[in-house]
Amino acid sequence: MRYERRNLRFDLLAGLSVASVALPVGIAYAEIARVPAVVGIYAAIFPLFAYAIFGSSRQLITGPDAATCIMAATAIAAIAGGDSQRYASLMVGLTLMTGACYFVAGFLRLGFIANFLSRPILVGYLNGIALMIFVGQVPRLCGFEAAKGGFLAQSIGVVHHLSATHLPTLLVGGGLLLLLILLMRCAPRLPAALVVALVGIVVVKVGGLAALGVATLGPVPSGLPQLQMPLLARDDLLQLARDAAGIMLISFASGVLTAKSFAERSGDPLDANQELIGFAACNLASGLAQGFPVTGADSRTAVNYATGGRTQFAGIVAGLAMLAFLLFLTAPLAHLPLSGLAAIIIVSAFGLFDRTAVHHLALASRRELLFSLATTAGVLVFGVLTGVILAVLLSVVWLLSVISRPNDAVLGRAAGIAGFHDIKDFPEVQTIPGLLIYRFDADLVFFNCDYFRTRLLYQIARSPTPVEWVLIDASPINVVDYTAVRKIDALRRELAARGISLAYARAKQSLRRFFNSDWVSERVSADNNLLFPTVTSGVEAFARRAEQVTGRGQG
């Protein structure tokens with residue numbers, strides 16, 4: 001695609017603005033991932049170049065993400081055994097494996113998995129992550145040792161160790177936290193995270209606060225990363241593959257949601273399958289640069305959009321600006337206070353916590369609110385990766401609960417209203433004596449075919465007149481499986497024994513694609529007299545049959 005020069009000044013400004021936010025955030029998120037700060041810089045830079053080539057969004061900025069970082073850290077900590085070198089090697093392996101999972105999903109065109117996690121489930125998951133990050137950063141903000149363990153253990157540790165707070169560290173961290181909040185509210189166009197990082201460096205350096213015990217980042221090596229592949233055992237690879245799949249699912253759902261929201265604002269197209277390839281390239285680039293897993297970054301994408309970024313060249317500009325910093329300007333980072341980084345991370349965690357969504361769920365659907373809260377509790381009690389599995393299971397449970405017990409309807413006619421309608425929606429609707437017109441508002445498969453039978457028999461039993469025909473309006477049914485077919489066969493025989501005929505109207509021809517064509521043809525020929533193109537034609541056939549029976553009776 002040819003680049004239009006009229007976009008250049010907008011992309012240059014947006015790229016520099018993105019870099020001013022992405023650099024301190026990358027350093028801060030390296031703390032969450034429990035890797036050296038320079039690794040966070042690597043992860044902030046190199047995925048931008050890869051996404052510019054392979055991504056489909058014109059606005060999305062990729063890079064470190066708080067939820068992805070804590071997922072990766074939790075996965076690696078469980079198998080690293082406290083060995084820092086092994087931890088670093090496993091992190092690179094996990095990142096490359098995540099990229100491989102993305103690539104496979106993109107090759108199989110599984111972009112629809114972006115919609116696999118419902119919004120309430122995703123909100124609940126991210127809220128749990130936000131609370132975990134907050135509790136994990138309080139000790140660093142206050143200058144005392146963090147407790148080991150999960151959310152509950154760390155929360156109890158915070159309460160027990162508050163008396164050990166290091167006052168100079170708390171003053172620096174608290175002051176920078178307040179400054180960050182004020183800048184974000186009063187001067188939203190400023191790169192607040194960068195300003196806070198610079199202020200923290202100056203305060204520590206000028207005030208000699210390191211001598212008072214205020215912990216700092218320490219030396220950050222300059223230069224490009226060494227490209228090397230980790231040497232991992234087979235058992236490690238199997239473990240990492242499982243963890244990478246979970247990270248891919250969550251990070252893609254979150255990242256593509258960001259991409260979609262900004263694509264809708266700008267009116268640009270977005271290809272979810274191409275996004276899988278774009279994220280695959282990002283994670284492979286990050287892994288080769290010794291970084292950690294990345295995804296679409298909402299805060300940096302917002303900066304890009306707000307400052308007028310029009311193409312992915314803005315991401316390239318941001319990457320080049322940070323690369324220049326990495327090569328020539330890392331020395332001042334040695335004086336960056338860790339409590340300042342904790343302040344940046346805490347504010348990011350509050351950005352993850354979606355109180356508005358929880359409020360809206362409470363107003364809209366108590367059931368989906370409970371799903372969301374259960375996901376949050378699962379993350380906090382059982383851990384991040386188990387929380388991922390719980391989120392997926394809850395999504396499946398929610399989906400099955402909706403599909404397995406769908407709405408159904410008995411249809412009839414109303415004077416002055418064309419067609420056939422649910423008798424619950426229109427009290428004036430009249431049914432046809434002897435004919436039950438029934439609609440099942442879902443696909444008919446193994447887990448709901450028994451419910452279909454139960455509901456149909458219930459409607460037959462409560463019919464005001466004896467039922468002679470059941471006419472199924474099959475228009476909502478897009479999928480039917482073999483189990484359902486056999487159940488319907490049994491139901492047909494059961495109804496026939498009671499003198500009731502089972503007929504169908506508006507059955508889609510596409511249902512045939514699920515079965516062998518010869519088998520379908522044989523069944524259709526056997527049921528030919530009871531298959532109708534419309535509900536009206538089925539009703540007319542019933543009326544003709546009723547007249548024939550009446551005529552024979554009179555004769």
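Let's start where two helices meet: the crossing of α5 and α15 is right-handed. Keep in mind as you look around that this is a predicted model. Helix α5 covers residues 119-142 and helix α15 covers residues 366-382; their axes come within 7 Å and cross at roughly 35°. If you zoom in on the contact, the α5 side is built from Pro120, Ile121, Val123, Gly124, Tyr125, Asn127, Gly128, Ile129, Leu131 and Met132. Facing them from α15 are Glu368, Phe371, Ser372, Thr375, Thr376, Val379 and Leu380. Sorted by character, the residues of this contact divide into 10 nonpolar, 6 polar and 1 charged.

Now turn to the sheet. Here 6 strands form an open sheet, and reading across it the order is β4-β3-β5-β6-β7-β8. The pairing is mixed. As a reminder, strands of a sheet pair through backbone hydrogen bonds, either parallel or antiparallel. At the edges stand β4 (417-422) and β8 (531-532), each with a single partner strand, so one side of each is left without a neighbour in the sheet.

Let's walk along part of that order, starting at β3. Strand β3 (residues 408-414) pairs with strand β5 (residues 435-440) in the antiparallel sense, over 4 bridges. You can find this pairing by eye if you look for Ala409, whose bridge partner in β5 is Arg439. Another pair to look for is Leu411 with its β5 bridge partner, Ile437.

On to the pairing of β5 with β6. These strands run parallel and are joined by 5 bridges. Leu435 has Trp469 as its bridge partner in β6, and Arg439 has Asp473. Arg439 is therefore a handy landmark for tracing the sheet: it is the bridge partner of Ala409, and its own bridge partner in β6 is Asp473.

How many residues of β5 are buried? The count is 6 of the 6, so β5 is largely enclosed by the rest of the structure. Its side chains go in two directions: Leu435, Ile437 and Arg439 point one way, while Leu436, Tyr438 and Phe440 point the other way, and all are buried. Strand β6 is mostly covered too, with 5 of its 5 residues buried. From β6, Trp469, Leu471 and Asp473 point one way and Val470 and Ile472 the other, and again all are buried.

A helix also packs on this part of the sheet. Helix α17 (residues 449-461) lies across β3, β5 and β6 (469-473), and runs at about 150° to β5. Cys449 is buried, with a relative accessible area of 3%.

That brings us to the cysteines, which you may want to check for bonds. How many disulfides does a search of the whole structure find? The search finds 0. Take Cys282 as an example: its sulfur is 14 Å from the closest cysteine sulfur, in Cys69, which is too far for a bond. Cys282 counts as buried, at 1% relative accessibility.

Next, visit helix α1 (residues 8-33), where you will find Gly26. Is Gly26 buried or exposed? Its relative accessible area is 0%, so Gly26 is buried. Leaving out residues up to four places away in sequence, Gly26 touches Gly40 and Pro64. For a sense of scale, Gly26 and Ser401 are 375 residues apart in sequence and 41 Å apart in space, C-alpha to C-alpha.

Finally, a few loop residues deserve a look. Arg34 lies in the loop between α1 and α2 (37-54). Its phi is near 65°, a positive value in a residue other than glycine. Arg506 also has a positive phi, of about 60°, although it is not a glycine. You will find Arg506 in the loop between β7 (501-505) and α19 (517-526), and at 42% relative accessibility Arg506 counts as partly exposed. The last stop is Ala331, in the loop between α12 (313-328) and α13 (338-352). Ala331 is exposed, with a relative accessible area of 60%. From Ala331 to Leu231 the separation is 100 residues in sequence and 31 Å in space, C-alpha to C-alpha.

Methods: Residues are numbered from 1 along each chain as its sequence is written. This is a predicted model: local features need pLDDT of at least 70, side-chain atom pairs count only at pLDDT 80 or more; totals for chains, interfaces and linings use all residues. Side-chain values use heavy atoms; hydrogens and water are left out. Axes are lines fitted to C-alpha atoms, for helices over the stretch in contact, and angles run from 0 to 180 degrees between N-to-C directions. A crossing is left-handed if the near helix is turned anticlockwise from the far one by less than a right angle, and right-handed if clockwise. Contact means heavy atoms within 4.5 Å. Ala, Val, Leu, Ile, Met, Phe, Trp, Tyr, Cys and Pro count as nonpolar, Asp, Glu, Lys and Arg as charged, and the others, Gly among them, as polar. Two strands pair if DSSP finds at least two bridges between them. Buried means under 20% relative accessible area, exposed over 50%, partly exposed in between (1.4 Å probe, protein chains only). A disulfide is a pair of cysteine sulfur atoms within 2.5 Å.
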